[in-house]
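Visitor: I'm new to this structure and would like a close look at one part of it. Could you take me through a place where two helices meet, and then the charged pairs around the structure?

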Amino acid sequence: MGSEKLSGGNQGTETQRFLNHQEFQLVCEALRRGESVIVLAESGVGGSGFTSRIVDEFAGELDVAIATYKGSGKKFFHRLAEQLDVDITEPKLNREGEPVGERSLTIDELKEALLDRMNSDTLLVFPEARRLTTGVRYWLEDAISSGVRVCCFAVVNPRRDIFLDMLEIELEPPSEKHIREVMRSEAQARGLTLSESELADLAPQAGRSPLMAKQVIKRRSLGIEEEKAEHTQYINVTALWFAFLAGFAAMKFVGMGTDQKDIQIFGGLAFMLLMSLKQLGQIRGSRKRLGQ
């Protein structure tokens with residue numbers, strides 16, 4: 001059994017410092033019980049530090065394979081096959097049935113070969129769950145049904161097909177102290193010297209994401225001004241809405257009390273119009289978590 005080399009080795013070592021030991025043990029316990037797990041983590045934590053720890057933890061216990069889909073299904077399944085000792089070629093026969101060389105397995109043949117090789121002692125690790133195509137997910141559905149354990153990492157749960165049956169475990173984001181450490185380390189690597197007060201001023205721009213923390217320092221080193229959250233500042237006019245609604249409602253009742261139909265009609269129509277506009281103003285796109 002082999003294991004794919006993780007990209008960004010220094011980054012993986014760095015982010016491991018910010019991972020909660022109890023959360024890591026919780027994921028390991030779920031996998032040992034035969035569960036498939038989707039781990040939700042901020043960008044810069046799950047895809048490097050946590051995956052490398054999972055691979056190291058189960059390397060001598062299960063047949064572990066790790067791969068990231070990068071646009072080529074053939075390369076993706078070849079990486080899995082290499083780590084699980086599955087042949088990606090077979091003898092090429094002539095019309096008489098004699099071997100005349102070798103041929104590479106097609107993707108469908110490779111999928112079947114992998115399914116035949118994998119069992120309940122196999123663990124597949126995918127650092128980027130959102131990249132898995134529909135075809136890969138359908139194949140994983142067959143793998144999971146045969147007992148294969150799958151551990152995926154994502155910023156948000158896609159909540160479709162295989163992910164609906166996975167146990168969801170969300171990691172706590174790094175603390176502000178850890179984010180400052182990432183920023184300090186990145187600043188030192190770029191030859192910047194930042195005081196504690198400067199780090200405190202920059203920290204809110206990074207939120208709780210180590211990747212965003214590095215981006216903040218990169219912008220600082222290039223002299224790029226702070227990114228603003230929004231290009232337009234909005235004013236909360238909720239109180240104004242209620243004041244207008246109350247005014248037109250009162251106008252309607254005044255018209256009813258004085259038996260003036262025109263005031264009644266105007267107040268009622270204005271009230272309904274404002275209510276309709278208010279409801280239309282609440283229509284907006286779905287909110288998404290950072291990185292979705």
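Guide: Here is a walk through one helix pair, followed by a few salt bridges. Keep in mind that this is a predicted model.

Let's start with helix α8, which covers residues 176–189, and helix α9, which covers residues 196–206. Their axes come within 10 Å and cross at roughly 110°. An angle of 65 to 115 degrees counts as roughly perpendicular, so that is how α8 and α9 sit relative to each other.

Now for the residues that do the touching. On the α8 side you'll find Glu-176, Ile-179, Arg-180, Met-183 and Arg-184. They meet Glu-196, Leu-199, Ala-200, Leu-202, Ala-203 and Ala-206 from α9. Sort the residues of this contact by character and you get seven nonpolar, four charged and no polar ones.

Two of the α8 residues in that contact, Glu-176 and Arg-180, also pair up with each other. Their side chains form a salt bridge, with N and O 2.9 Å apart. Both belong to α8 and are four residues apart, which is about one turn of the helix. Arg-180 is partly exposed, at 22% relative accessible area; the cut-off for buried is under 20%. Glu-176 is partly exposed too, with a value of 44%.

That pair is a handy way into the salt bridges elsewhere, since a search of the whole structure turns up 13 of them. Take Arg-32 and Glu-61, whose side chains meet with 3.1 Å from N to O. Arg-32 is part of helix α2 (residues 21–32), while Glu-61 is in the loop between α3 (46–58) and β2 (63–66), so this salt bridge ties together parts that are 29 residues apart in sequence. Arg-32 is partly exposed, with 32% relative accessibility, and Glu-61 is also partly exposed, with 42%. There's a third member to meet here: Arg-32, Glu-57 and Glu-61 are linked in a network of salt bridges.

One last stop is Arg-33, which forms a salt bridge with Glu-29. The closest N and O atoms of this pair are 2.9 Å apart. Arg-33 has a relative accessible area of 67%, so this residue counts as exposed. Its partner Glu-29 comes in at 37%, which means partly exposed.

To pull the picture together: α8 and α9 cross roughly perpendicular to each other, and α8 carries the salt bridge between Arg-180 and Glu-176. Elsewhere, Arg-32 joins α2 to the loop that holds Glu-61.

Methods
Residues are numbered from 1 along each chain as its sequence is written. This is a predicted model: local features need pLDDT of at least 70, side-chain atom pairs count only at pLDDT 80 or more; totals for chains, interfaces and linings use all residues. Side-chain values use heavy atoms; hydrogens and water are left out. Axes are lines fitted to C-alpha atoms, for helices over the stretch in contact, and angles run from 0 to 180 degrees between N-to-C directions. Angles under 35 degrees count as roughly parallel, over 145 as roughly antiparallel, 65 to 115 as roughly perpendicular and the rest as oblique. Contact means heavy atoms within 4.5 Å. Ala, Val, Leu, Ile, Met, Phe, Trp, Tyr, Cys and Pro count as nonpolar, Asp, Glu, Lys and Arg as charged, and the others, Gly among them, as polar. A salt bridge is a side-chain nitrogen of Lys or Arg within 4 Å of a carboxyl oxygen of Asp or Glu. Buried means under 20% relative accessible area, exposed over 50%, partly exposed in between (1.4 Å probe, protein chains only).
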